[in-house]
Amino acid sequence: MPDIESLLEEKRVFKPPRDFARAANWKRKQVAELRRLGQKPERLWAKLAREQIAWFSPWKKVLDWKPPFAKWFVGAKTNVSYNCLDRHIQGWRRNKAAILWEGEPGDTRTITYAELHREVCRFANVLKGLGVKRGDRVAIYMPMLPELAIAMLACTRIGAPHSIVFGGFSAEALRDRIQDAGARVVVTSDGGHRRGAPFPIKQTVDQACAEAPGVEKVVVVRRTGQPVEMKPGRDLWWHEEMKQASAKCPPAKLDSEHPLFILYTSGTTGRPKGILHSTGGYLTHVTATARAVFDLRDEDIYWCTADIGWITGHSYVIYGLLSNGATTLMFEGAPTTPGPDRFWDIIERWGVTIFYTAPTAIRTFIRLGDEHPKKHDLSSLRLLGTVGEPINPEAWMWYHRVIGGGRCPIVDTWWQTETGGIMIAPLPGATDTKPGSATLPFPGVHAAILDEQGEPVSPPHGGFLAITAPWPGMLRGIWGDRKRFVETYWSKWRNTYFPGDGAHRDRRGYFWIMGRIDDVMNVSGHRIGTMEVESAIVAHADVAEAAVVGRPDEITGTAIVAFVTPRSHVAGGEALQRGIRAQVAKQIGAIAKPAEIRFTEALPKTRSGKIMRRLLRDIAAGGAPAGDTSTLEDFSVLAKLRESEED
Ligand code: WT7
């Protein structure tokens, strides 16, 4: 049992500002009622599903729970794109902006609900024309372009589950994901813009497809105009296909449990897991949580800075927002291009009212200096949010003071790729907040802190975070791996979901999430498995063995440290470090490159041969070795000391 006792006693409490509370969608009294109703999750979620989602036909049963397999709104029929588009264009929202888009070079687009509907129908017809049928998987590998949103909504329109792969993943990672999902079609772009320059994408797709024989068609959006090779018979230009496509496409009436998308995430083995989400439950969960946690109103300009390639982008850039008829802003570029005030400039120019970002970004902005946000009028903001990793109270306070001008509530939202939507978060008009705490579970979500045996741990002691009742947005499985689904999430305790996080509760019942307790690192809010990085490193010809651990980092939360034993007669040194980093970038992507690589004669192991990870974590946390990197470090003495300590 890891030591995850409370490290901090945070005394500061922020009440919802009076005006905010008075105008909020969910007020204190209602929330108390909803929490009562949520004691029976089915009743709460059925109410929200009835009020907030359009169904073609009703369910026969709210929940069918045969642990660990849940079905929500059994027998009901709906369609995600219908909920995100058609129902809004029947009324005044027809000409409301659905998507505000800003490219990195500064070009912009405003897409109304009516326009988005037409484009989605067109692309749905393009997909149909390519032979994509209900249930067929479509892979999407694209930067933050409006066409990404159009493509994903088009998939949902015809019931073809999408698998979006973050543009930062390498060709090999893309190939593995295309193969695992069995995608027949890939949607991509020629390139994108990042940090002031165009970068290629299509050529990465070409490399991936060379080893993914199942791909029949590749549709390419023209973004940068850079030259690309178009393979005859396989590759098609988006704009040419769209020209010929009809803007009429009835939404498929899909079963509530119809698979909606697959999204890959890292686990504790070398192979990423294809997290499977389904239609009606997911839609209900993200719609209701977006409306309540972000206190969405029709006049809001909402901006979540996450890439759509991650779950945050799926749920809270696109689905939860469009389903509510909201205006969502998409930004193609990086936060510091052309200058360190790009984000604040965007907020000022578009009049953003709700801003949702990651603690790692906030810590970066703190370091860049207050002068950059202070140059801009941020008074349009009324609510701030964070997601992806624990936020340290200092960063919370800075966000509150400098960005929120002391007037905006902050919603710290805990959830995961697997949970589909927000699970633990304040309701900003009703919940007092404390810097660093995600506060309380959403009504209808049942969370607890348990010990190894599944016994509840009482405050203020720490333990494992657990979800003790099914919820509608929960993953329905791991694509093609039922056994791993059961083992990873449902075998620690009986009928209880194991998220893999350590946490504790304070006396008020507030949850304080401490971070991963498994071999998964959270780097800048992105999940990276230590095993994945290790297997990439040992694929290098000069490496005999490697162990990867995380060490605390002021900006990225966790930094990746690799301990590497070179093959005999190979010297460690800068050249090998470069080679190892390149190998990781090739196999996974630049996001997984170790911040530090240390060479060692041998990895410290227990007598039974297990790598002593805790020792390596301690060593890594102690800081980088001074001096010559080519000298091999010897941890064997330390290991022996540690082992006698542990006996
Ligand atoms: C892991 C899930 C949910 C979207 C982004 C990441 C950590 C997430 C918080 C938070 C503390 C958080 C957890 C979780 N995490 N939000 N508000 N406070 N930790 O999704 O890649 O599936 O990662 O991110 O460790 O298990 P993900």
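These legends go with a few close-up views of a predicted model.

**View 1. The largest nonpolar core.** Start with the biggest nonpolar cluster in the model, which counts 121 residues. Seven of its members touch the most others: L116, F123, I140, V187, F294, Y316 and Y319. As a bit of background, nonpolar side chains in soluble globular proteins tend to be buried together.

**View 2. Zooming in on I140.** What does I140 touch, leaving aside residues up to four places away in sequence? Its partners are L148, A151, M152, C155, H162, S163, I164, V165 and V187. V187 is also on the list of core residues that touch the most other members.

**View 3. Where α4 meets α5.** Here helix α4, residues 80-89, packs against helix α5, residues 113-129. Their axes lie 9 Å apart, at an angle of about 130°. Because of that angle, α4 counts as oblique to α5. The crossing of α4 past α5 is left-handed. On the α4 side, the contact comes from C84, L85, D86, H88 and I89, while α5 brings Y113, A114, L116, H117 and V120. You've met L116 already, in the largest core.

**View 4. Helix α19 and its buried face.** Which residues of α19, spanning 613-621, are buried? They are R613, L615, L616, I619 and A620. Looking down the axis of α19, these buried residues fall within an arc of 155°, so they line one face of the helix. A handy rule: an α-helix has 3.6 residues a turn, so residues three or four places apart point the same way. Just past the end of α19 sits G623, with a positive phi of about 105°.

Note on methods:
Residues are numbered from 1 along each chain as its sequence is written. This is a predicted model: local features need pLDDT of at least 70, side-chain atom pairs count only at pLDDT 80 or more; totals for chains, interfaces and linings use all residues. Side-chain values use heavy atoms; hydrogens and water are left out. A nonpolar core is a set of buried Ala, Val, Leu, Ile, Met, Phe, Trp, Tyr and Cys residues joined through side-chain atoms within 4.5 Å. Buried means under 20% relative accessible area, exposed over 50%, partly exposed in between (1.4 Å probe, protein chains only). Contact means heavy atoms within 4.5 Å. Helices (H or I, at least four residues) and strands (E, at least two) are DSSP runs, numbered from the N terminus. The arc is that of the directions from the helix axis to the C-beta atoms. Axes are lines fitted to C-alpha atoms, for helices over the stretch in contact, and angles run from 0 to 180 degrees between N-to-C directions. Angles under 35 degrees count as roughly parallel, over 145 as roughly antiparallel, 65 to 115 as roughly perpendicular and the rest as oblique. A crossing is left-handed if the near helix is turned anticlockwise from the far one by less than a right angle, and right-handed if clockwise.
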